[in-house]
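Student: Could you take me closely through one part of this model and tell me how its pieces fit together?

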There are 2 protein chains.
Amino acid sequence: MNSFTAENYLKAIYKLVEHSSNPVSTNSIAEKMNTKAASVTDMLKKLANKKLINYQKYQGVYLTTKGEKVALSVIRKHRLWEMFLLEKLDFKWDEVHDVAEQLEHINSEKLISQIDKFLNYPKFDPHGDPIPDANGKIQQQKSNSVSHYKKNDALIMTGVVDHSAVFLQYLDKSGLALGNEIRIKEVIEFDKSLKITINKKNTLFISNEVAKNILAITR
Amino acid sequence: MNSFTAENYLKAIYKLVEHSSNPVSTNSIAEKMNTKAASVTDMLKKLANKKLINYQKYQGVYLTTKGEKVALSVIRKHRLWEMFLLEKLDFKWDEVHDVAEQLEHINSEKLISQIDKFLNYPKFDPHGDPIPDANGKIQQQKSNSVSHYKKNDALIMTGVVDHSAVFLQYLDKSGLALGNEIRIKEVIEFDKSLKITINKKNTLFISNEVAKNILAITR
DNA sequence: AACTATTTTTAGACCTATCTAAATTATTTA
DNA sequence: TAAATAATTTAGATAGGTCTAAAAATAGTT
Ligand SMILES: [Mn+2]
Ligand SMILES: [Mn+2]
Ligand SMILES: [Mn+2]
Ligand SMILES: [Mn+2]
């Protein structure tokens with residue numbers, strides 16, 4: 001079995017490579033893992049020995065098929081647990097992540113398949129991120145940041161980029177939740193801030209920074 | 001925070017002292033933890049430094065109030081998780097322990113209080129062991145081994161001593177489950193084996209070894 | 001191409017948890 | 001009570017994971 005630490009490295013590498021497809025740099029891993037580059041190098045050697053990553057000195061790394069399988073399994077468990085906490089135990093969407101960081105390392109095939117069944121096989125987690133199925137297949141959404149859309153577009157909110165509790169709580173307070181309809185009423189030229197309506201009712205002003213961190217599709 | 005290992009040592013010490021109240025020996029801990037006496041000595045020093053146990057060389061150990069609190073919290077989590085797996089995820093009583101051994105180390109007050117609530121505050125786990133409440137209070141049962149009773153006694157099965165999967169599966173196969181009525185029809189003088197009936201219907205022969213591992217109260 | 005700045009790796013330590021083998025202390029037993 | 005046996009502790013190693021400081025390699029820039 002892989003240690004919790006090894007699993008976390010694989011997950012970090014997966015997420016870093018996810019949208020770029022270039023090999024991942026030592027420094028970027030160090031930043032994501034909140035550790036030092038020297039520690040990362042040490043770990044990369046160990047992961048490479050176990051054939052979980054392809055690694056050549058100074059050339060960055062990417063996951064092997066075996067490593068990707070592990071990463072996807074950890075991500076699957078993380079997102080299913082988040083969903084479980086939200087749906088069954090009345091957690092808020094800003095409370096689920098930290099506990100899921102622990103639960104994602106519990107090792108039991110039956111446990112996770114039963115949780116999946118118990119939740120009726122959800123496709124997305126509380127933040128709109130897709131949940132890999134038992135084979136690691138992911139159903140990708142083609143959503144964009146709200147900041148990419150233009151005046152008069154009618155959108156459905158599908159996810160968030162920033163997962164921090166403080167951002168999620170701000171969205172709560174503003175009435176912005178997954179599934180809501182967002183209409184762009186005005187784009188302020190100066191700073192790209194937006195005037196929007198939520199579900200055709202409430203009007204809200206959001207900064208470009210906020211808009212960049214909300215994902216949506218056109219309705 | 002305490003490491004998983006430290007939590008496991010405290011739990012082991014708690015269980016060893018539970019029914020004897022003498023200080024616990026290094027060797028008995030080593031046996032329970034499946035490790036070597038030398039490793040135990042190392043760990044005892046660390047636990048003593050953290051004021052979790054009282055330890056004097058060669059004199060055995062016992063838990064401090066602080067250490068007992070940790071042990072009870074781990075036991076509470078273990079038993080609640082076992083109950084959760086059984087009740088909500090269709091695990092069998094011989095499957096819950098191994099997964100609970102992992103889940104008992106998840107650190108979240110809210111998680112465990114919500115699980116407790118979700119299960120409607122159960123008092124006993126799937127094996128009949130009492131579940132400590134949030135304050136560490138345990139509702140003890142005054143049950144005895146079936147081997148302690150005598151001919152014609154009418155009993156209610158309340159627990160098991162041996163928790164191994166192989167023993168639990170044997171009980172399943174024999175129709176012996178918690179809550180069942182057991183009547184002692186005959187005690188074989190030679191080897192103390194028993195002829196019993198279950199719920200006034202099925203007749204069964206069990207060895208003294210089996211009888212010692214089944215707990216019951218008089219009905 | 002040569003110099004500089006950045007990134008990455010190595011060297012050397014430290015901490016936790018574990019082990020085996022040897023030494024020490026406690027307990028039995030004759 | 002002295003010898004033998006059992007229990008416990010110490011000494012010395014190993015392995016995983018981390019760190020700082022220094023060295024080496026790469027990338028950028030005149
Ligand atoms: Mn998360
Ligand atoms: Mn999430
Ligand atoms: Mn158990
Ligand atoms: Mn149990």
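Tutor: Happily; let's start from one bridge, in which I156(A) has E181(A) of strand 5 of chain A as its partner. The model is predicted, so local features need pLDDT of at least 70 and side-chain atom pairs pLDDT 80 or more, while totals for chains, interfaces and linings use all residues. Residues count from 1 along each chain as written, chains are lettered from A and ligands numbered from 1 in written order, and side-chain values use heavy atoms, without hydrogens or water.

Strand 4 (residues 154-160) and strand 5 (residues 181-187) of chain A pair antiparallel over 3 bridges; pairing requires at least two DSSP bridges. Strands are DSSP E runs of at least two residues, helices H or I runs of at least four, numbered from the N terminus. The open, antiparallel sheet in chain A has 6 strands, ordered 3-8-4-5-6-7. Strand 3 (144-145) and strand 7 (202-206) of chain A each have a single partner strand, so one side of each lacks a neighbour in the sheet.

Helix 7 (residues 165-174) of chain A lies across strands 4, 6, 7 and 8 of chain A, at about 145° to strand 4. Contact here means heavy atoms within 4.5 Å; axes are lines fitted to C-alpha atoms, for helices over the stretch in contact, with angles from 0 to 180 degrees between N-to-C directions.

Elsewhere in the chain, H78(A) and E82(A) both sit in helix 4 (residues 65-88) of chain A, 4 residues apart, about one turn. H78(A) is buried at 6% relative accessibility, and E82(A) is buried at 1%; buried means under 20% relative accessible area (1.4 Å probe, protein chains only).

Notes:
Buried means under 20% relative accessible area, exposed over 50%, partly exposed in between (1.4 Å probe, protein chains only).
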